[in-house]
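Okay, thanks for making time, everyone. I'd like to walk you through one model today, so let me put it on the screen.

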Amino acid sequence: QVQLVESGGGLVQAGDSLRLSCAASGRTFSTYGMGWFRQVPGKEREFVAAITGSGGRIYADSVKGRFTISGDNAFNMVYLQMNNLKPEDTAVYYCAARYYDGSVYQQYAYDYWGQGTQVTVSS
């Protein structure tokens with residue numbers, strides 16, 4: 001069993017920066033990889049970024065060049081540095097953990113999810 005807790009969200013203006021954190025506890029020693037997703041009311045949860053056990057980093061086209069995912073090797077702490085935020089980045093952000101290989105872009109590839117943290121970007 002794995003517990004994930006996100007923090008760092010808030011209300012900012014366009015162009016500002018935020019760093020989200022995800023604290024993991026439990027069976028983190030067996031975690032295959034971690035990811036960040038976001039969701040707007042009425043829409044499906046969408047992929048934002050992922051980090052693999054080998055240190056690989058993958059980003060959605062909408063955030064590439066602005067967001068950076070990082071974390072320790074055991075995935076006890078995972079971060080999402082968000083720069084040059086835009087109003088379209090407004091969403092609830094979730095961190096997730098997966099224990100088997102699969103598509104990092106799909107929700108069903110992840111086994112555990114946090115409760116989410118709200119990010120609101122005003123114009």
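Before anything else, a word on terms: helices (H or I, at least four residues) and strands (E, at least two) are DSSP runs, numbered from the N terminus. What you see is a predicted model, where local features need pLDDT of at least 70 and side-chain atom pairs count only at pLDDT 80 or more, while totals for chains, interfaces and linings use all residues. Residues are numbered from 1 along each chain as its sequence is written, and side-chain values use heavy atoms, with hydrogens and water left out.

Let me start with a spot in a loop. Asn-73 lies in the loop between β7 and β8. Is Asn-73 buried or exposed? For that we use relative accessible area: buried is under 20%, exposed is over 50%, and partly exposed is in between, with a 1.4 Å probe and protein chains only. Asn-73 comes out at 77%, so it counts as exposed. Its C-alpha atom is separated by 14 Å from that of Ala-50, and the two residues are 23 apart along the chain.

Phe-75 sits in that loop between β7 and β8 too, but at 3% relative accessibility it counts as buried. If you like checking backbone angles, look at its phi: near 60°, a positive value in a residue other than glycine. Asn-84 is another one to check, with phi near 50°, again positive and again not a glycine. You'll find Asn-84 in the loop between β8 and β9, and its 43% relative accessibility makes it partly exposed.

Now the whole chain. How many helices and strands do we have? Zero helices and eleven strands. The C-alpha atoms fill a box of roughly 40 × 25 × 25 Å, taken along the principal axes. The radius of gyration is taken over C-alpha atoms, and the globule rule is 2.2 Å times the number of residues to the power 0.38. For 123 residues, a compact globule would come out near 14 Å, and this chain has 13 Å, so the two agree.

Of those 123 residues, 41% count as buried. The chain exposes about 6,300 Å², and carbon and sulfur atoms supply 47% of that; these areas come from the Shrake-Rupley method with a 1.4 Å probe, and for residues only the protein chains shown count as cover. As for contacts (heavy atoms within 4.5 Å), take the ones between residues at least 6 apart in sequence: 59% of them join residues at least 24 apart.

On to the inside. In soluble globular proteins, nonpolar side chains tend to be buried together. By nonpolar core I mean a set of buried Ala, Val, Leu, Ile, Met, Phe, Trp, Tyr and Cys residues joined through side-chain atoms within 4.5 Å. The largest one here has 37 residues, and those with the most contacts inside it are Leu-4, Trp-36, Leu-80, Met-82 and Tyr-93. Among the elements that give two or more residues to this core are β1 (2-7), β3 (18-26) and β9 (91-98). Leaving aside neighbours within four places in sequence, Leu-4 touches, among others, Cys-22, Met-34, Cys-95 and Trp-113.

Two of those partners belong together. Cys-22 and Cys-95 form a disulfide (a pair of cysteine sulfur atoms within 2.5 Å), with their sulfurs 2.1 Å apart. Cys-22 lies in strand β3 and Cys-95 in strand β9, so the pair ties together parts that are 73 residues apart in sequence. The link is right-handed, with 60° about the S-S bond, and both cysteines are buried. It's the one disulfide the structure holds.

Strand β9 also holds Arg-98. Yes, an arginine, and at 2% relative accessibility it counts as buried. Its contacts, again skipping neighbours within four places, include Thr-31, Tyr-32, Tyr-110 and Asp-111.

Last topic, aromatics. Rings of Phe, Tyr and Trp (its six-membered ring) pair if their centres lie within 6.5 Å; planes under 30 degrees apart count as stacked, over 60 as edge-to-face, and the rest as tilted. There are six such pairs. One of them is Phe-47 with Tyr-105, edge-to-face, 4.9 Å centre to centre and 70° between the planes. That pair links distant parts of the chain, 58 residues apart: Phe-47 is in strand β5, Tyr-105 in the loop between β9 and β10 (112-113). Phe-47 is buried at 9%, whereas Tyr-105 is partly exposed at 46%. Both belong to one aromatic cluster with Phe-37, Tyr-110 and Trp-113.
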